[in-house]
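Here is a walk through one structure, taken contact by contact. Keep the viewer open as you read.

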Amino acid sequence: MRFLKAVTRSGKATAGAILLAVFVVLALFPGLFAKDSPTAEAYDRNLGASAQHLFGTTGLGQDTFAQAVYGTRQVMEIAFGAGLASTIIAAAIGVAAAYLGGFWDGALNLFTDVVLVIPLFPLLIVIAAYVHNSGTLVLIAVLTFTGWSYTARSFGRRPCHCATGTSWPRRRSAASERRTSSSSRSCRR
Amino acid sequence: MRFVLRRAGFFLLTLWAAVTLNFFLPRMMPGNPAVAMVAKFRGRISGQELTALETIFGVNSGQSLPAQYVHYLGDIARGNFGTSLFFFPSSVSSVVRTAIFWTLGLVGVTTILAFILGTGVGIIAAWRRGGLVDSIAPPVLVITSAIPYFWVGMMFILIFGLKLQWLPWSGGFNLTDTPSWSGSYIVDVLEHAILPATALLITTVGTWTLTMRNNMVTTLAEDYVRMARAKGLRSSRIMFDYAARNAILPNLTGFAMSLGFVVSGAILIEYVFNYPGVGYMLLQAVENEDYPLMQALFLLITVAVLVAILLADIATAIFDPRTRSAR
């Protein structure tokens, strides 16, 4: 209930929750929205969008709208799985660094920074090329492995530079600036 | 100086990590698909080339893992990435060299243009806050920078390429043309670059304008700007030497880094337009299971990003005295 209250209080949160809810329902009950099977090659090929086929048909005569609807589930599985797993890793490493302090703080932060600067997208492509026929689990694992560093960085840091009262944010290295810049910019006055 | 040394140390560490990751990736994968690939090519490649491939992928079981690693590091240091299998018999290095030329030409130039254009608009918007530019540019640019650039690219192909047939939309030049420094060839290359470059420009210019405008608004409120005004300096002097000079610092870091991402960031745009750059090459390598080329490209992209980050750090150290006193 408290969660519901928190969501309804802010207009932005409500909008986001509704959008998410739409996709959750799509993922849970795809059959309610798409009458066609996503794999059935039942129609003419390469049809344009029409009332019959909202998104048209593919080159194999499958209904594209049905594919989009049925695809939602896998996307949601990957998104939630990778998001959850990488948050757990990020929390463990980020909190451990801040809590243990001293040598471990430096070492864990350095490790996070190294992972942070390695370009993700090409790495994903290369890994995907080696793992043929990658299933949902493999995708989750790869996205987790490559995606936790950004979150870990924000666990170990103080929430906002403005807390110190100076209008100049403390200068950080380019490596950590790269993906955290948007978050810190919003708190800059 | 200490700051730069620290960053240089970080650069070396990350470089080592990337090279090592590149070494272990094929070895960690279930069944090491590269082994099968090299075995397939055993009849066609011979001698030195085969040995190079074998050390890259750990096929030569005669060597222990540490020995393979040392051998691999030596090969990398000498720039020996083996032979491309798809573009056989070209070496990986020569294939990469042609690809990088296209990427730098298209994405590099576009990124620089976007930075200059975006920063300029940002300065003007902040200087005349609430003025015409400030009320039009930010809202429009928020929208354009939120659209994925490959989508813009696809729409461009649909409208200007297929419907109106104004411009070519596939490849880097007409295949009937022979590459040379003749006028017609240069025009041809430029024509092919217009659509992808515009798609990139439209979607990237917004970030620079918005951040520059916000930084500039912050610096304009600083006391030293008021001081400069009190001294009666010319507005253009205050605008560029006092406000913009300081407001551009965070963007400079971002710019140096985005130059690094030029090499990797345009994978999708090159893919959409079949542009023969590094990103398109990477996807082609993946499709054709050209593992040596793939690994070299990944390493190249990583190194480009790392170098850019190092340059960004050095630039910040030069332009921002606070980094020199800190730490």
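B:Asp241 and B:Arg237 make a salt bridge, with 3.2 Å between the closest N and O atoms. This is a predicted model, so read every value here as computed from predicted coordinates. The two partners sit 4 residues apart in helix α10 (residues 235-265) of chain B, about one turn of the helix. An α-helix has 3.6 residues a turn, so residues three or four places apart point the same way. Are these two side chains buried, exposed or something in between? B:Asp241 is partly exposed, because its relative accessible area of 45% falls between the 20% and 50% limits. B:Arg237 is partly exposed too, at 36%.

How many salt bridges turn up over all chains? The count is 3. Here they are side by side:

| Acidic partner | Basic partner | Closest N to O distance |
|---|---|---|
| B:Asp241 | B:Arg237 | 3.2 Å |
| B:Asp223 | B:Arg226 | 3.9 Å |
| B:Asp134 | B:Arg213 | 2.7 Å |

B:Asp223 and B:Arg226 are another pair within one helix: they are 3 residues apart in α9 (residues 223-230) of chain B, so about one helical turn separates them. Both B:Asp223 and B:Arg226 are exposed.

Now take the salt bridge between B:Asp134 and B:Arg213, at 2.7 Å from N to O. B:Asp134 belongs to helix α6 (residues 132-146) and B:Arg213 to helix α8 (residues 183-220), both in chain B, so the bridge ties together parts that are 79 residues apart in sequence. Both B:Asp134 and B:Arg213 are buried.

On to the rings. Over all chains, the structure has 12 aromatic pairs. One of them joins B:Phe23 and B:Tyr69: the ring centres are 4.9 Å apart and the planes are at 65 degrees, so the pair counts as edge-to-face. The two come from distant parts of the chain, with B:Phe23 in helix α1 (residues 2-28) and B:Tyr69 in helix α4 (residues 65-77) of chain B, 46 residues apart. Both B:Phe23 and B:Tyr69 are buried.

Another edge-to-face pair is B:Trp102 with B:Tyr275, at 5.7 Å centre to centre and 85 degrees between the planes. This one also links distant parts of the chain: B:Trp102 lies in helix α5 (residues 92-127) of chain B, while B:Tyr275 lies in the loop between α11 and α12, 173 residues away. Both rings belong to buried residues, since B:Trp102 has a relative accessible area of 12% and B:Tyr275 has 3%.

Back at B:Phe23, there is a third ring to look at. Ring pairs link B:Phe23, B:Phe24 and B:Tyr69 into a cluster.

The loop that holds B:Tyr275 has something else to show. B:Asn274, found between α11 (267-272) and α12 (278-287) of chain B, has a positive phi near 50 degrees although the residue is not glycine. Most residues other than glycine have a negative phi. B:Asn274 counts as partly exposed, because its relative accessibility is 30%.

What about the helix that follows that loop? α12(B) is mostly covered, with 7 of its 10 residues buried. Among the buried ones are B:Val278, B:Gly279, B:Tyr280 and B:Met281. Just after α12(B), B:Glu289 also takes a positive phi, of about 55 degrees.

For a look at the surface, try the nonpolar patch. Which residues form it? They are B:Leu158, B:Ile159, B:Leu162, B:Leu164, B:Trp166 and B:Trp169, with about 580 Å² of accessible area together. B:Trp166 sits in the loop between α7 (149-163) and α8 of chain B. B:Trp166 counts as exposed, because its relative accessibility of 59% is over the 50% limit.

Finally, chain A. Its secondary structure comes to 8 helices and 0 strands, so from the N terminus on the elements run α-α-α-α-α-α-α-α. Of the 189 residues in chain A, 36% are buried. Chain A exposes about 11000 Å², with 68% of that supplied by carbon and sulfur atoms. Among its contacts between residues at least 6 apart in sequence, 53% join residues at least 24 apart.

Terms used: Residues numbered from 1 in each chain as written. Chains lettered and ligands numbered in written order. Predicted model: local features only at pLDDT ≥ 70, side-chain atom pairs only at ≥ 80, totals over all residues. Heavy atoms only, no water. Buried < 20%, exposed > 50% of the residue type's maximum accessible area, 1.4 Å probe, protein only. Contact = heavy atoms within 4.5 Å. Areas by Shrake-Rupley, 256 points an atom, 1.4 Å probe, with all protein chains shown as cover. Salt bridge = Lys/Arg side-chain N within 4 Å of Asp/Glu carboxyl O. Patch = residues over 30% accessible without salt bridge, like charges linked within 9 Å, V, L, I, M, F, W, Y side chains within 5 Å. Phe/Tyr/Trp six-rings, centres within 6.5 Å; stacked < 30°, edge-to-face > 60°.
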